[in-house]
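Q: I'm new to reading protein models and would love a close look at one part. Could you walk me through the place where the ligand sits, and then the ring pairs?

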Amino acid sequence: MSFSVSIEPSGREFHAQKGETLLSAALLAGVALPYGCKDGACGSCKCKLLSGKVSHNAHQTKALSEQEQAQGHILTCCAVAQSDVILHCRQVLDVNLPLARKMPVRVDQLNLMAPDVMQVFLQLPQNDAFDFIPGQYVDFLLKDGLRRSYSLANAPFPKTQDPNTAQSVGATHTLVTKRYIELHIRHMPGGVFTDQVFGSLKHKDILRIEGPLGGFFLHASDKPIIFLASGTGFAPIKSMLESIAASQDASLKARELHLYWGVRDLYDLYQHEWVKEIQKQLPQLRYTPVLSEPSEASQWDGRNGFVHLAVLQDYPDLSAHQVYACGAPIVVESAKTDFMSQANLPIDEFFADAFLSQKDKQ
Ligand SMILES: Cc1cc2nc3c(=O)[nH]c(=O)nc-3n(C[C@H](O)[C@H](O)[C@H](O)COP(=O)(O)OP(=O)(O)OC[C@H]3O[C@@H](n4cnc5c(N)ncnc54)[C@H](O)[C@@H]3O)c2cc1C
Ligand code: FES
């Protein structure tokens, strides 16, 4: 038995089996509903139920408050159809998402870019297509069914380019000549996976991933874009910037772009020079690094404080902007709340991936 699910205003439709979450059914059908944690913790998959009935599995109230639930909002990662349903979700793409697949990858390079940030290049299987949309992430499949998610930091391979010679725009590496993906991984001491990355992981090790995953990507519009990166939340934004620079789409290349990168201290701006380099290809890209805890030794004379407050200082009115925010959950949540309440950012123009850890999901 299945129910039909329609998404307004895109008009996209799919079927959900009995007991299946709306998000799982959408992703199986290739319909790009927005999502993040798939676990009722981040709120990225929030949609409005226009008609029909759903049952709702357990979720965190920070992802969906009682008030929002009373107003008819649901989390598609937790909602199961009990009848045919119609949802309102402006953030659905017209195109299908690339299908996620499991595959082995080989560690190609490990570069320490900051005291606690590792740039990891993973070599993909030969002759195995791996298509993704900038902003998406992959999951590492670990022992005992554990998974850990990391955003893709490079742009997808151009369709016309031989993937065996793909090179990252302005990348600092020179040796990567095979199909690869790039990740930026922050060490969380005591963490199951990042202790391994900063301890025993070495060149040529084989890992298993599943991807591409996630519903964080650029949405067509002519509105100016604010990119808000916190820490390694820079990774998917780098992928987006790299793909905009390589794009042949004149309207995309014409968009105003302003990157805010919030970190603790100067050494955390681990690809500061990369941003300066890509600005030569994207002259409309403004760049504002913001340090929350600059040490005296850094002799920092740039912006200080919380990165999302720097955005509010510069843009007291965000009603005609799109915002793409990524990284520490507290930064993403604060930005969403304050941008909407203090700067009139429309809810449909805030796109985000919060880097929730297992602890955040409990
Ligand atoms: C969509 C998405 C994309 C992401 N992309 C990135 C990325 O590009 N780069 C990146 O660096 N991170 C990213 N993350 C975060 C990443 O997935 C991991 O959560 C993070 O790296 C920690 O993994 P871990 O296995 O090392 O730590 P975990 O084992 O998950 O532990 C995390 C921390 O919590 C502590 N801890 C664990 N359990 C408990 C407990 N019960 N009580 C108290 N403390 C506890 C650990 O000591 C550790 O410090 C992303 C997350 C999501 C959801
Ligand atoms: S709450 Fe549904 S994807 Fe995070």
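A: Here is a walk around the ligand, followed by a look at some aromatic rings.

A bit of housekeeping: this is a predicted model, where local features need pLDDT of at least 70 and side-chain atom pairs count only at pLDDT 80 or more, while totals for chains, interfaces and linings use all residues. Residues are numbered from 1 along each chain as its sequence is written, chains are lettered from A and ligands numbered from 1 in the order in which they are written, and side-chain values use heavy atoms, with hydrogens and water left out.

Let's start with the shell around ligand 1. It has 24 residues, and the closest are R148, S149, Y150, F193 and T194; a residue is near the ligand if one of its heavy atoms lies within 4 Å of it. Sorted by class, you get 10 nonpolar, 10 polar and 4 charged residues. Here Ala, Val, Leu, Ile, Met, Phe, Trp, Tyr, Cys and Pro are nonpolar, Asp, Glu, Lys and Arg are charged, and the others, Gly among them, are polar.

Now for some individual atoms. R148 puts a polar side-chain atom 2.5 Å from an oxygen atom of ligand 1. A backbone N or O atom of R186 sits 2.8 Å from an oxygen atom of the ligand, and a polar backbone atom of H184 is 2.8 Å from one of the ligand's nitrogen atoms. On its own, ligand 1 would expose 980 Å², and the protein buries 81% of that. These areas come from the Shrake-Rupley method with a 1.4 Å probe; for residues, only the protein chains shown count as cover.

Which elements supply the shell? Those giving two or more residues are β11 (147–151), β12 (180–186), α3 (192–198), β19 (350–354) and α9 (358–361), and β11 gives the most, with 4 residues. Helices (H or I, at least four residues) and strands (E, at least two) are DSSP runs, numbered from the N terminus. Domain 2 (101–213) and domain 3 (225–361) each contribute at least three residues to the shell, with the bounds taken from an automatic or database domain assignment.

H184 deserves a second glance. This residue lies in strand β12 and counts as buried at 4% relative accessibility (buried is under 20%, exposed over 50%, partly exposed in between, with a 1.4 Å probe and protein chains only). Its side chain makes polar contacts with the side chains of E182, at 2.8 Å, and Y270, at 2.9 Å. A polar contact is a pair of N or O atoms within 3.5 Å; within protein, one must be able to donate a hydrogen and the other to accept it, and residues adjacent in sequence count only if both atoms are side-chain atoms.

On to the rings: the structure holds 13 aromatic pairs. Rings of Phe, Tyr and Trp (its six-membered ring) pair if their centres lie within 6.5 Å; planes under 30 degrees apart are stacked, over 60 edge-to-face and the rest tilted. Y260 and Y315 are edge-to-face, 6.5 Å centre to centre with 75 degrees between the planes. Because Y260 lies in strand β15 and Y315 in the loop between α7 and β18, the pair ties together parts that are 55 residues apart in sequence. Y324 and F351 are stacked, because their centres are 4.9 Å apart and their planes are at 20 degrees. Both are buried, and ring pairs link them with F216 and F227 into a cluster.
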